[in-house]
Each structure stands twice: as structure tokens, then as C-alpha cells.
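Work through the exercises below with the sequence and the model side by side. Try each task before you read its solution.

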Amino acid sequence: MNSTSNTFSLKRVFLDFKEITKAGLAISVLFSSIAGYFLGFDSEHPFQWSVLLMLAVGGYCMVGASNAFNQVIEKDLDALMDRTKNRPVPSGRMSSFSALVVASLLTIIGISLLYMINPKTAMFGAISIFLYTSIYTPLKTMTSLSVFVGAFPGAIPFMLGWVAATGDFGIEAGTLFLIQFFWQFPHFWAIGWFLYQDYEKAGFFMLPTGKKDKGTALQVILYTIWLVIASLLPSLGYTGKLFISPVAAAAVFLLGVWMLSYAVKLYKLRTAKAAKTLMLVSVAYITLLQLVYIIDKFLR
């Protein structure tokens with residue numbers, strides 16, 4: 001009986017840890033950092049398994065800490081929304097104090113590991129946590145500009161991998177930042193669209209016009225176009241050591257046309273289903289883009 005109870009408790013603790021750190025999201029964000037690392041290392045800055053491991057664990061801790069802090073701050077609002085009411089803190093399975101302890105420990109471990117890589121990596125990781133928890137989170141109930149603010153910490157992971165590999169923040173890391181920065185807008189506006197009613201219960205302002213209208217859909221299209229342009233910058237020869245071949249550029253362009261077609265579809269249909277499809281396509285886009293960049297580097 002006790003053995004079964006202990007097993008269940010340990011399982012519950014593990015599941016709650018996964019949920020409070022948003023493991024699925026954290027891993028997808030981590031993929032961006034690892035992609036940036038693979039793009040950054042070279043003969044001058046050789047690949048190191050130890051650095052990759054510290055980046056992976058430290059990066060997960062930083063994203064997990066941000067998510068945990070966020071869930072403590074928004075626990076009362078999370079309790080109002082169907083998709084979040086069963087999270088550990090709003091459901092009462094985990095106290096706010098326990099969640100704060102978890103978030104604080106993750107922050108300390110994460111910053112320490114990233115600092116062991118180099119100070120700049122730790123600095124950007126710390127900036128990401130600060131922006132996400134102290135500025136983006138409280139702004140969500142005040143203005144739709146919260147998405148703009150949230151795009152900054154959201155864009156850090158891709159370039160963080162480059163900084164971890166090279167110890168430098170230059171045009172290359174800036175370009176990776178720019179790509180993921182523009183990606184945030186169609187991605188999160190699509191989420192804000194199909195979860196509009198749920199967000200409304202908590203008073204979150206996620207859409208640029210505040211409504212599921214043509215104005216919002218048009219901005220989704222415009223930012224998708226900016227994303228495609230930013231994604232093609234490395235093919236022009238002005239982004240330092242970050243460069244993609246014409247073949248890779250063609251693949252990136254086709255990926256952009258694919259995503260843009262779903263943005264246009266949202267403009268035409270303006271349905272929750274079209275928005276959800278665009279969200280899924282945006283995730284596939286950024287993942288495939290990063291893979292194209294990496295594959296191109298090693299095939300050239």
C-alpha cells in the first residue's frame with residue numbers, strides 16, 4: 001500500500017514538474033538553442049559535448065524557471081481558463097511557495113551552467129527570464145503590446161546557441177535573433193485567435209486589434225512576410241559567418257510561401273480552425289528552417 005502510494009506520489013511530482021516547467025514548450029525552445037550552437041561552432045570555436053550539455057540543461061532550466069514564475073504570478077487568472085485551470089498551482093496540487101522555490105532553483109542552476117559556458121550566454125539567459133516574468137507577464141492583462149515585449153525573450157534561444165558556441169554577439173547572432181523575433185508574431189497571434197474566448201476570461205489582450213478581425217489577420221500576413229525576408233538574409237552575404245547557399249535559400253523561400261499561404265487562409269476564413277492550423281504550421285516552419293540551415297552548413 002505504502003509502496004504504491006509512494007510510486008504514485010513520485011509520479012505526480014514528476015508530472016507536476018513537467019507541467020510547471022511546460023516541458024513540451026521548453027524542449028521546443030531548447031531545440032532552437034541547440035540549432036544555434038550547431039550553426040555557431042567552427043574550426044576557431046570547435047564543437048564541445050560539454051558545452052552542448054550545459055546549454056541543453058541550462059537552457060531547459062531557464063525556460064522552466066520563466067514558466068514556473070509565470071504560473072505563480074498568474075495562478076488566479078489561470079484558474080479562470082479551461083486550458084490552464086488544472087495546472088499544479090491554480091489546481092492547488094502545488095503551493096505558490098513550492099513553485100517559487102522550484103523557479104528560483106532552476107534560475108540559479110540555469111544561470112550557473114550558462115555562465116560556465118561563457119558570461120554572455122548567462123547574461124542573455126538572465127535577460128530572458130527578467131523580460132518574460134517582470135515585463136511580458138504583467139503586460140498581458142494591460143495591452144496587446146505584450147506580444148511585442150514577449151517577442152524579445154522568445155527570440156533569444158536561437159541566437160543563444162550561437163553565443164554559447166562563439167562567445168560573441170555580432171551580426172550572425174543578431175540575424176538569428178531577428179528571424180525568431182518576427183516568427184513570434186504570427187505564431188502567438190494564431191494562438192491568441194483560436195484561444196480567444198479562453199484568454200478573454202482572464203482578461204488577456206493577445207491580438208493586435210483586440211479582435212478576431214481582418215486587421216489582426218492582415219498583421220499576421222505582414223509579419224509573416226517580414227519573417228520570410230529575415231529568414232533569407234543569410235543568403236545575401238551580409239551576415240558574416242552565417243551563410244546559406246542558393247539551394248538552401250530556395251528551400252527557405254518555399255517554406256515561407258507555405259507558411260504565408262496559411263496566413264492568407266486565416267485572413268480569408270477568420271476561423272479558429274484556420275488559426276490553429278497556422279500555429280502548427282508556424283512550429284513546423286521554424287523547426288524545418290533551422291534544420292535547413294544546419295544541413296546546408298554541413299553539406300557545403
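The exercises go from the whole chain to single residues.

The model is predicted, so that local features need pLDDT of at least 70 and side-chain atom pairs count only at pLDDT 80 or more, while totals for chains, interfaces and linings use all residues. Residues are numbered from 1 along each chain as its sequence is written, and side-chain values use heavy atoms, with hydrogens and water left out.

**Exercise 1. The fold as a whole**

Describe the secondary structure of the protein chain, and then find out whether its radius of gyration agrees or disagrees with that of a compact globule.

*Solution.* Begin with the elements: the protein chain has 13 helices and zero strands, where helices (H or I, at least four residues) and strands (E, at least two) are DSSP runs numbered from the N terminus. Next take the extent, for the C-alpha trace spans about 60 × 50 × 35 Å along its principal axes. The radius of gyration is taken over C-alpha atoms, and the globule rule is 2.2 Å times the number of residues to the power 0.38. For 300 residues a compact globule would have a value near 19 Å, and because the protein chain has 20 Å, the two agree.

**Exercise 2. Inside and outside**

State what percentage of the residues is buried, and what percentage of the counted contacts joins residues 24 or more positions apart.

*Solution.* Buried means under 20% relative accessible area, exposed over 50%, and partly exposed in between (1.4 Å probe, protein chains only). By this rule, buried residues make up 49% of the 300 residues in the protein chain. A contact means heavy atoms within 4.5 Å, and among contacts with a separation of 6 or more, 74% come from residues 24 or more positions apart.

**Exercise 3. Pairs of opposite charge**

Find the salt bridges that involve K241, and explain why they tie together parts that are 199 and 197 residues apart in sequence.

*Solution.* Side chains of opposite charge can pair when their charged atoms come close. A salt bridge is a side-chain nitrogen of Lys or Arg within 4 Å of a carboxyl oxygen of Asp or Glu, and a search of the whole structure finds 11 of them. In one, K241 pairs with D42, with the closest N and O atoms 3.6 Å apart. K241 lies in the loop between α11 (214-232) and α12 (246-269), whereas D42 lies in the loop between α2 (23-40) and α3 (49-73), so this pair ties together parts that are 199 residues apart in sequence. D42 is partly exposed, with a relative accessible area of 25%. E44 also forms a salt bridge with K241, the closest N and O atoms being 3.1 Å apart. Because E44 lies in the loop between α2 and α3 and K241 in the loop between α11 and α12, the pair ties together parts that are 197 residues apart in sequence. Both E44 and K241 are exposed.

For another setting, turn to R87 and D78, which form a salt bridge with their closest N and O atoms 3.3 Å apart; both of these residues are buried. Finally, a network of salt bridges links R12, D16, E19 and R93.

**Exercise 4. Following single residues**

Which residues, leaving aside neighbours within four places in sequence, are in contact with A275 and with I244?

*Solution.* A275 is found in helix α13 (residues 272-299), and at 0% relative accessibility A275 counts as buried. Apart from those sequence neighbours, A275 is in contact with A190, W193, F194 and L266. I244 is placed in the loop between α11 and α12, and I244 also counts as buried, at 1% relative accessibility. The contacts of I244, with the neighbours again set aside, are S231, P234, S235, A249, V252, Y293, D296 and R300. The C-alpha atoms of I244 and K297, which are 53 residues apart along the chain, are separated by 7.1 Å.

**Exercise 5. Backbone angles**

Where does R270 lie, and is its phi positive or negative?

*Solution.* Most residues other than glycine have a negative phi, and most peptide bonds are trans. R270 lies in the loop between α12 and α13, and its phi is near 50°, a positive value in a residue other than glycine. K22, in the loop between α1 (2-20) and α2, likewise has a positive phi near 50°.
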